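Biologist: Could you put the model up and walk me through a few spots in it?

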Amino acid sequence: MVNIELKNISKSFGSVQANQDINISVNSGEILGLLGENGAGKSTLMNILCGLYRPDDGKIIINQKETYFDNPGDAIKSGVGMVHQHFMLVPIFTVTENVILGNEKTGNLNYLKIKDSEKKVTEISEKYSLLVNPKEITERLSVGAQQRVEIIKVLFRSAELIIFDEPTAVLTPQEVKELFKIMNALKKSGKAIIFITHKLHEVREVCDKISILRAGMIVGEADPKKVSNKELANLMVGRPVNLSLERKKNKTGKTILEVDNLSVLNENRELALNQISFNVKEGEIVGIAGVQGNGQTELVESITGLRNFVAGNVSYFEKKMEYITPREIHKLGIRHIPEDRQKSGVIANFTVSENKILNDYYQKPFSSNYIMSWGDVERVSETVVKNFDIRTPSITTLTQNLSGGNQQKLVVGRELSNKVDFLIASQPTRGIDVGSIEYIHKQLIETRNNGKGILLISTELDEILTLSDRILVLFEGKIIKEFSSNASTEEIGLAMAGQS
Amino acid sequence: MRDYLKKKIISENFDFEEILLIPILATLLALIIGCLFLLATGETFENILVAFTNLFIGSFGSLNAISETFTAATPLIFAALGIALAFRAGLFNIGAEGQIIIGGMAAVIIGFSIDFLPIWLHLPLALLFGAIFGALYAAIAGWLKATTGAHEVISTIMLNLIALRLLDYFLRLPVIQKEGRNDPISKSVLETAQLPQILSFIEPQLRLHSGFILMLVAVVFVYWLLFHTTIGFEFRSTGSNPNAAQYAGIKASLTIVLVMGIAGALAGLAGANQIMGVLGRATPGFSASIGFDAIAVALLGRSHPIGVLFAGLLFGALIAGGRLMQVKAGVSIDLITIIQALIIVFIAAPLLVRNAVPWAFKTKDKN
């Protein structure tokens, strides 16, 4: 039996209060849902519990005993384990090697007793039905299986409290169901579990109690049996949220994009896209659903001139696009919201203004004859910041100091404030707050209502379902099924798992 | 100043603490540790005091000292501007030394071989050739990187070695070697290709030459290029986030070749400046590892043209003052190398400086 309690935990970074007077507790055989938007302070709190940060104030009490963690090692010894959102696994190691990493059993002359460990891994995996072959190379496993390795890793270190940090972000709906089964099995065997997420229906499905975190404080607790999605959303965001968008019936026009038998290779020269065909018409949003890594990145890159294709055709308003550069693409009126804003959407140490002009700095009014006209840049950025509701102290603020949501609004503002005929929106709302998501969704719908075409690529099935007029499911580089906008989550989920 | 500059719409990263305070404190700390080194080698307190007094007198104590400081700083700043520019574009140009040699060679050949041009044509022509050949030489590394992905650190280091040996070879060619000499030494630059001295009207031995003014122009030019042209915008974008730059339609390969070219031109000018302003001819090793010291200057100046200017003047002062220090206090000039190295260590680890003198800083470090 174990009881873990956080009492009056506070933590600040400079002038930012990340956690303030937080009280939560969780017992053996209990799943606590920690619900909050990005930036609400969930990660800080969990990093305190894992021994990565020390709280400014407050206590960690384990089994009625006050405990201090100087480092992550202390936390592990006290039975706290974390399943990270981004897996901490060495791809070329076997499952067992990954599990024992940092905790190796050795004999004479540091001989690695791998057989003993393999046996233990098998034991754990059987006990909790975490199906995985201990001798398999980790990179050959599916994402769901890699996550099971992470869970085994935590159990191997005899954790009593297991923290799951946004574990469902990378899973198909079916894999999520599997995960919930595992979590329930762990709960029955007496583990305490903290489940961090921003997805409302998930906490309601699997948790025994819910704490809602907003702006560093616990703003409410809820009973998952009684509370509704709407109530949870309102608590999480702090104001009434409109979860469903009103979509006028669309009237489609000419075909904008025609993809015909497109095949593309990935970095390892394997076929990432295998003869896919689809089109996007004026006035519609075509959603590409699928688990991450099924060819989405390669699809976007080949349409935006960032990747060459080995076979097939892409036409834009019936004109073939081949060996076309990103700049020529911009000039055609194709706009692109990249999937990873930090990697390729914005330049973190540039000002908001500089990021605004990233695509068209070479054009008037931002420059003429190679000379920048910063005065005009300033004027235009002020307008964009205002029109796209980008919350920033000023246009001269470095973009890295903006929240994720505002960085993303900056990207959206940059792309939509120019002439748009066709928009490629790749993960347009990944990792941002509900307010920004609402705003960006509205912008996308408005663009569509103005008769433009949008190709939406998202791993969030909810997002695809809310926005798309047609839904294509991408699985292992093939479009395996097409759905209309009123398809059910289950149908699409099955297709995402490869069952057409 | 115009509004947009006051408001810092451009991410210059010109932060007072970053660009001035940390370098100043780093220098002070390096001098203090330099003292400890001297104590450890058995120097007396008085002698250390004499040494440091003369370090100052030799660098700023008289008109001649200032002239020497500026003369030593000029080529350093030229080359460091090029390195800083490459840094901003995400490239580590170790090849300034080789570019100085090639640029200097081009300048010396134009300088002694053309005897029919007036000074107002001959001088710019020699400088131009220095810049062009420096640029072409550096562009080789840029081109290799753009087309084959060869890392510029490796290729520039190798190009340095090639330049060094090329110099030895050229200096023994009959068309270049000074008549009647057996040692490798080039013919002397004609008077029409010498950078005129600018303070000799006060005292004839003041060596400061017009290369100094040219260098100041280069500082302004690099600043303008970096922050007020689309080319600078491309450099900075590519340097800060190559992925985002590529997505924005900026061609990395073009940027790489161009920035290496400009960096090489600046280093080439450093070489031409030495040949035409100080030495008057080329000798083996005339580059005197200016190209390597310039890397330190660029780092110390935080890759900002203004920072580079001040950092270069500081290094110039250490070189000029070090000579007097050696003469008057009998302290080896190697101490200067140690101090320079320590400055770089402190600059590379700003946390060290922040922790050593925490009260000097207003803003807390974000880390």
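Biologist: What phi does B:Gly90 take, just after α4(B)?
Modeller: B:Gly90 takes a positive phi of about 85 degrees there; helices (H or I, at least four residues) and strands (E, at least two) are DSSP runs, numbered from the N terminus. This is a predicted model, in which local features need pLDDT of at least 70 and side-chain atom pairs count only at pLDDT 80 or more, while totals for chains, interfaces and linings use all residues. Residues are numbered from 1 along each chain as its sequence is written, and chains are lettered from A and ligands numbered from 1 in the order in which they are written.

Biologist: And where is the kink in α4(B)?
Modeller: At B:Ala73, shortly before the proline B:Pro75, there is a kink of about 30 degrees, the bend being the angle between axes fitted to the seven residues ending at a residue and the seven starting there.

Biologist: How many residues of α4(B) are buried?
Modeller: Of its 26 residues, 22 are buried, which leaves α4(B) mostly covered; buried means that 20 or more other C-beta atoms, placed from the backbone, lie within 10 Å of a residue's own.

Biologist: Switching to chain A, which domains does the assignment give?
Modeller: Domain 1 covers 3-237 and domain 2 covers 255-496, with bounds that come from an automatic or database domain assignment. Their contact takes 11 residues from domain 1 of chain A and 13 residues from domain 2 of chain A, where contact means that C-beta atoms, placed from the backbone, lie within 7 Å.

Biologist: Which element gives the most to the domain 1 side?
Modeller: That is α8(A), with three residues on the side of domain 1 of chain A that touches domain 2 of chain A.

Biologist: What is the strand order in the open sheet of four strands in chain A?
Modeller: The order is β12-β11-β14-β15, with antiparallel pairing, and two strands pair if DSSP finds at least two bridges between them. The edge strands, each pairing on one side only, are β12 (271-281) and β15 (319-320) of chain A.

Biologist: How many bridges join β11 to β12(A)?
Modeller: Seven bridges join them, and A:Val259 has A:Phe278 in β12(A) as its bridge partner.

Biologist: Last one: why does A:Val286 count as buried?
Modeller: A:Val286 is buried because 23 other C-beta atoms lie within 10 Å. A:Val286 lies in strand β13 (residues 285-289) of chain A, and leaving aside neighbours within four places in sequence, its contacts include A:Phe278, A:Leu455 and A:Asp469.

How values were computed
Contact = placed C-beta atoms within 7 Å. Buried ≥ 20, exposed ≤ 12 C-beta atoms within 10 Å, placed from the backbone.
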